[in-house]
Amino acid sequence: PAMRDFNIIIIWRIKYEIKGNPLVSIIIPTKDKFEYIKRCLDSIIEKTTYKNYQIVIVDTGSSENKVWELYEDTKKIHRNTVILKWRRSFNFSEVCNFGAKNSKGDYLLFLNNDTEVITSSWIENMLELAQLKNVGAVGCKLLFPNGRIQHAGVVLGIAGGLVKKGVAGHPFKNFYNQKINPGYARFVDSIRDCSVVTAACILISRKKFNKIKGFDPVFRVAFNDVDFCLKSLKQGWFNVYTPYTIIKHWESVSVGVPGQKGRLIKEFLSEVKLMHRRWG
């Protein structure tokens, strides 16, 4: 048949050799939600092929006994596990910074408790990019439980929901995953730099994390990752998305969405205004 009968797209992937054997600290803020944190921890331990990693659980006030028992069981299975107790009021940025300060990794991998590792080489696929001199934060492909895309890079300025003048959003949210609809030029399946990657799963070197002074506590719940990545861009680093690490994500299970209990609209809107004042 003539070539016009075919639709051929070729994607080249460059794989970078990981230098040395750096320790990666996986920092997980969490509270109760036994089903979710168990699934998250089980998936890390059962699927991760990268050997040199530390699990840092930052508990922000769990009251369920089975959750604390799970932590102890995890320490027995993966000895390089640290349990930290956060007893102040919840602030996602402060909790992440606290976890980073009390971890030992050369690289910091921030991971939500409502996630499940799908790709066994998930750390390697992010680490090979994060080690590059001109790369700041590295994010991955996040899928909803139904298999549709939750995150494949974040774009600035998207409006909708509670605000007309948007801060940032997910341009591929609820798109089918690549096996059904790959999208234009398989864009969601290509490694690329983008403005922001979400902190639901984000990897960065400790040196660069310290250089930009981590997450800003002024953003208690919303836009902390957007501000974080913009600080990375300001340093001249690329924030990179890789589709080769796939994580399943039950978005906002722990803290809800703006307007629901635990995510006050007034606070959310004040953070929107602060983002516009700070970054334009």
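Start by selecting strand S12, residues 238-249. This is a predicted model, and in it S12 is mostly covered, with 9 of its 12 residues buried.

**The partners of S12**

Keep S12 on screen and add the strands that pair with it. Select S6, residues 135-143. S6 and S12 run parallel, and 7 bridges hold the pairing. Now try strand S5 (residues 115-117), which is antiparallel to S12 and joined to it by 3 bridges. Strand S10 (residues 192-194) is also antiparallel to S12, again with 3 bridges.

Which residue of S12 stands opposite Val 117? Click on Ile 247 and you have it. Stay there, since Leu 142 stands opposite Ile 247 too. For the S10 pairing, go to Cys 194 and look across to Asn 239 in S12.

**The nonpolar cores**

Next, colour Phe 110, Ile 202, Phe 209, Phe 223 and Phe 228: these have the most contacts inside the largest nonpolar core, a set of 42 residues. S12 is among the elements that give two or more residues to this core, and others include S2, helix H3 (92-101), strand S4 (107-111), H6 and helix H7 (265-279).

Zoom in on Phe 110. Which residues does Phe 110 touch, not counting those up to four places away in sequence? The list includes Ile 27, Cys 96, Ala 100, Ile 202, Phe 209 and Phe 215.

There's also a second, separate core, this one of 33 residues. To find it, pick out Ile 37, Ile 44, Leu 129 and Leu 142, which are among its members.

**Phe 223 and Glu 271**

Go back to Phe 223, in the loop between helix H5 (206-211) and helix H6 (224-234). Its phi is near 65°, a positive value in a residue other than glycine. Is Phe 223 buried or exposed? Phe 223 counts as buried because its relative accessible area is 12%, under the 20% cut-off.

Now select Glu 271, over in helix H7. Glu 271 is buried as well, with a relative accessible area of 4%. Leaving aside neighbours within four places in sequence, show what Glu 271 contacts: Val 218, Phe 219, Arg 220, Val 221, Ala 222 and Phe 223. Draw a distance line from the C-alpha of Glu 271 to that of Ala 222 and you should get 6.9 Å, though the two residues are 49 places apart along the chain. Then look at Arg 220: its backbone nitrogen lies 3.0 Å from a polar atom of the Glu 271 side chain.

**Helix H2, side by side**

Move on to helix H2, residues 65-77. From first C-alpha to last, its 13 residues reach 19 Å, close to the expected 18 Å. Highlight Val 67, Leu 70, Tyr 71 and Thr 74, which are buried. Why do these residues sit on the same side of H2? They do so because they cover an arc of only 100° around the axis.

What covers this buried side? Show S1, H1, strand S2 (53-59) and strand S3 (81-85), which are included in the cover. Then turn H2 around: the face pointing away from the buried side carries the exposed residues Asn 65, Glu 69 and Lys 76.

**Last stop: Lys 33**

Finish in the loop between strand S1 (24-30) and helix H1 (34-47), where you'll find Lys 33. The phi of Lys 33 is near 50°, a positive value in a residue other than glycine. As for its surroundings, Lys 33 is partly exposed, with a relative accessible area of 35%.

Definitions and conventions:
Residues are numbered from 1 along each chain as its sequence is written. This is a predicted model: local features need pLDDT of at least 70, side-chain atom pairs count only at pLDDT 80 or more; totals for chains, interfaces and linings use all residues. Side-chain values use heavy atoms; hydrogens and water are left out. Helices (H or I, at least four residues) and strands (E, at least two) are DSSP runs, numbered from the N terminus. Buried means under 20% relative accessible area, exposed over 50%, partly exposed in between (1.4 Å probe, protein chains only). The expected span of a helix is 1.5 Å times one less than its number of residues. The arc is that of the directions from the helix axis to the C-beta atoms. Contact means heavy atoms within 4.5 Å. A nonpolar core is a set of buried Ala, Val, Leu, Ile, Met, Phe, Trp, Tyr and Cys residues joined through side-chain atoms within 4.5 Å. Two strands pair if DSSP finds at least two bridges between them. A polar contact is a pair of N or O atoms within 3.5 Å; within protein, one must be able to donate a hydrogen and the other to accept it, and residues adjacent in sequence count only if both atoms are side-chain atoms.
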